[in-house]
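The following exercises are intended for a first-year student of protein structure. Please study the sequence and the structure shown here before attempting them.

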Amino acid sequence: MTPEQPCNCSDKYRREHTASPEDLIYTRRQFLIRSGMGMGALSLASLFGINPFQEADASVATGTALSSLSPKTPPFPAKAKAVIHIFAEGGPSHVDTFDPKPVLWQYTDKTLPGLDGLAYPSPFKFNKCGNSGIEVSEVFPKLGACVDDMTIIRSMWTDIPAHDVAQRFMNTGSLQIPKPSLGSWVVYGLGTENQNMPGFITLGGHPEWRQASFLPGVYEGCEVNYSQNANLNNIILNIHNQFNTPARQRQQLDLVKVLNKMHAEALQKDEQLEARIESFEMAFKMQTEATDAFDITKETQETRDLYGNSEVGAKLLVARRLVERGVRFVQITAGGWDHHNKLAENLAKSAGDIDQPAAALLKDLKQRGLLDSTLVIWGGEFGRTVVKDRNGNEFPGRDHNGRGFSTWMAGGGVKGGTVHGATDEFGNRAVDNKVHVHDLHATILALLGFDHTKLTYRYNGRDFRLTDNFGTVVKDVIA
């Protein structure tokens with residue numbers, strides 16, 4: 001039998017604690033994780049209103065007391081705390097809604113100077129509304145009564161008057177490259193006040209308009225297939241687990257958290273995995289509160305009558321209920337504005353669909369003391385031509401026009417009873433105090449307390465922002 005060799009522990013420990021070449025070689029990713037991420041976290045903390053040198057905030061900065069959606073203080077004082085975006089998909093005609101051009105009547109069926117096609121004056125009358133006397137089309141009798149709470153921007157313009165491109169631009173600030181949506185940027189910067197609900201909820205609309213893109217997935221808009229007559233348990237798919245009790249689900253989620261922590265410690269933190277786990281956690285927390293938020297039968301009959309018995313009315317009432325519960329950004333798509341023909345008939349119908357519900361939303365928010373802290377936005381992706389589409393026909397309409405259109409905002413720190421900018425005498429293009437889409441986005445972020453040039457996210461080696469390298473805040477519309 002071979003005698004056992006004596007143990008030389010000092011040699012063993014010396015070998016284990018002596019640096020080897022393998023210990024000195026890191027991949028680029030490992031090097032950045034071990035040496036650089038700490039400084040990045042310190043700089044990011046200031047963006048989120050965290051002081052990492054204070055004991056209470058230090059735990060927040062390390063992620064032990066704060067989720068990605070926890071409410072954050074904006075860098076600058078702001079009145080607006082939430083946003084309701086009513087997206088008028090299709091491109092409403094500005095000269096038939098909020099931008100009167102009576103001079104067009106002088107050129108009826110005649111060629112306008114410098115333009116192709118025959119002039120098409122609005123078939124609708126404009127009336128002076130509110131104490132401010134702002135002229136609004138007769139198709140908006142109820143919204144006209146709310147004009148003293150609104151800032152109407154008559155000098156909007158965009159780059160490309162094609163639906164897909166312009167809609168992407170209005171919602172994400174990008175013409176081609178997939179980038180985070182306006183709602184995603186807002187929730188990324190501010191978090192949300194209700195940890196049992198998503199911070200960004202959409203009622204209708206294209207997936208591209210609510211995308212988080214390269215931002216963490218938790219900031220992506222949650223699409224809710226809402227209908228006023230739908231079964232509440234079916235509005236948000238798979239929100240209720242058919243197989244496990246809430247207690248059992250809680251145990252499963254806690255186990256997943258433990259496993260993910262082990263994964264992060266052994267390897268590295270995976271953003272996609274984190275976002276997936278947060279989505280499971282959110283779905284669990286939404287099981288009770290989300291269903292309640294979409295149940296408009298809990299409103300008084302008087303309130304429901306105020307919004308009207310329509311799908312759009314029900315959605316705007318839900319939007320108010322969501323904001324009331326701390327949801328940060330709600331988008332409602334209220335389309336049907338692509339009027340290439342039969343404009344007199346079709347525009348009146350589209351306007352009628354949104355007039356009562358939007359006016360009710362403003363009145364309801366104001367009555368509840370929420371309008372000052374809620375920014376309401378209405379507008380489409382571009383405007384329409386002032387000449388007949390395709391040189392006119394028996395039932396004329398208007399073609400696309402990105403050179404001039406109108407948008408209005410209310411509440412949330414804007415000046416009520418105000419008109420900003422102007423198009424030329426025919427309404428063909430913005431000429432005075434022009435407001436580009438990037439300018440509009442910069443102004444929205446300013447109302448929420450952000451410098452749009454500093455709300456950034458580093459991706460692929462560069463800092464991205466909603467407004468790209470452009471955008472100027474329209475200070476004249478801010479109260």
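The exercises below treat strands, a nonpolar core, aromatic rings, a helix and single loop residues.

The model is predicted, so local features need pLDDT of at least 70 and side-chain atom pairs count only at pLDDT 80 or more, while totals for chains, interfaces and linings use all residues. Residues are numbered from 1 along each chain as its sequence is written, and side-chain values use heavy atoms, with hydrogens and water left out.

**Exercise 1. Determine how strand 8 is enclosed and paired.**

Step 1. Helices (H or I, at least four residues) and strands (E, at least two) are DSSP runs, numbered from the N terminus. Strand 8 comprises residues 374-379.

Step 2. A residue is buried under 20% relative accessible area, exposed over 50%, and partly exposed in between (1.4 Å probe, protein chains only). Six of the six residues of strand 8 are buried, so the strand is largely enclosed by the rest of the structure.

Step 3. In a regular strand the side chains alternate between the two faces of the sheet. In strand 8, T374, V376 and W378 point one way, while L375, I377 and G379 point the other way.

Step 4. Two strands pair if DSSP finds at least two bridges between them. Strand 8 pairs with strand 1 in the parallel sense over six bridges, and I86 stands opposite W378. Strand 8 also runs antiparallel to strand 11 (residues 405-410), to which three bridges join it; here the bridge partner of I377 is M409.

**Exercise 2. Describe the largest nonpolar core.**

Step 1. A nonpolar core is a set of buried Ala, Val, Leu, Ile, Met, Phe, Trp, Tyr and Cys residues joined through side-chain atoms within 4.5 Å. In soluble globular proteins, nonpolar side chains tend to be buried together.

Step 2. The largest core holds 57 residues, of which I86, I354 and W408 touch the most other members. Helix 13 (residues 343-367) supplies the largest share of this core, ten residues.

Step 3. Contact means heavy atoms within 4.5 Å. Not counting residues up to four places away in sequence, I354 touches I86, F140, V312, L316, A334, W337 and W378.

Step 4. A second, separate core has 41 residues, including V187, L190, V414 and L455.

**Exercise 3. Classify the aromatic pair of F140 and W378 and that of F214 and F464.**

Step 1. Rings of Phe, Tyr and Trp (its six-membered ring) pair if their centres lie within 6.5 Å; planes under 30 degrees apart count as stacked, over 60 as edge-to-face and the rest as tilted. The count by this rule comes to 16 aromatic pairs.

Step 2. The ring centres of F140 and W378 are 6.2 Å apart and their planes stand at 80°, so this pair is edge-to-face. The two residues are 238 residues apart and link distant parts of the chain. F140 counts as buried because its relative accessibility is 1%, and W378 counts as buried because its value is 2%.

Step 3. The pair of F214 and F464 is tilted, with 4.9 Å centre to centre and 45° between the planes. These residues are 250 residues apart, F464 lying in strand 17 (residues 462-465). Both F214 and F464 are buried.

Step 4. F214 and F464 belong to one aromatic cluster with W185, Y188, Y219, Y457 and Y459.

**Exercise 4. Compare the span of helix 12 with its expected value and state how covered the helix is.**

Step 1. The expected span of a helix is 1.5 Å times one less than its number of residues. Helix 12 (residues 311-324) has 14 residues and reaches 20 Å from its first C-alpha to its last, close to the 20 Å expected.

Step 2. Twelve of the 14 residues are buried, so that helix 12 is mostly covered. Among the buried residues are V312, K315, L316, R320 and R321.

Step 3. Just after helix 12, G326 takes a positive phi of about 100°.

**Exercise 5. Is D99 buried or exposed, and what is the answer for D109?**

Step 1. D99 lies in the loop between strand 1 and strand 2. D99 is buried because its relative accessible area is 2%.

Step 2. Leaving aside neighbours within four places in sequence, D99 is in contact with H94, F126, R154, S406 and T423.

Step 3. D109 lies in the loop between strand 1 (82-87) and strand 2 (126-129). D109 is partly exposed because its relative accessible area is 42%. The phi of D109 is near 60°, a positive value in a residue other than glycine.
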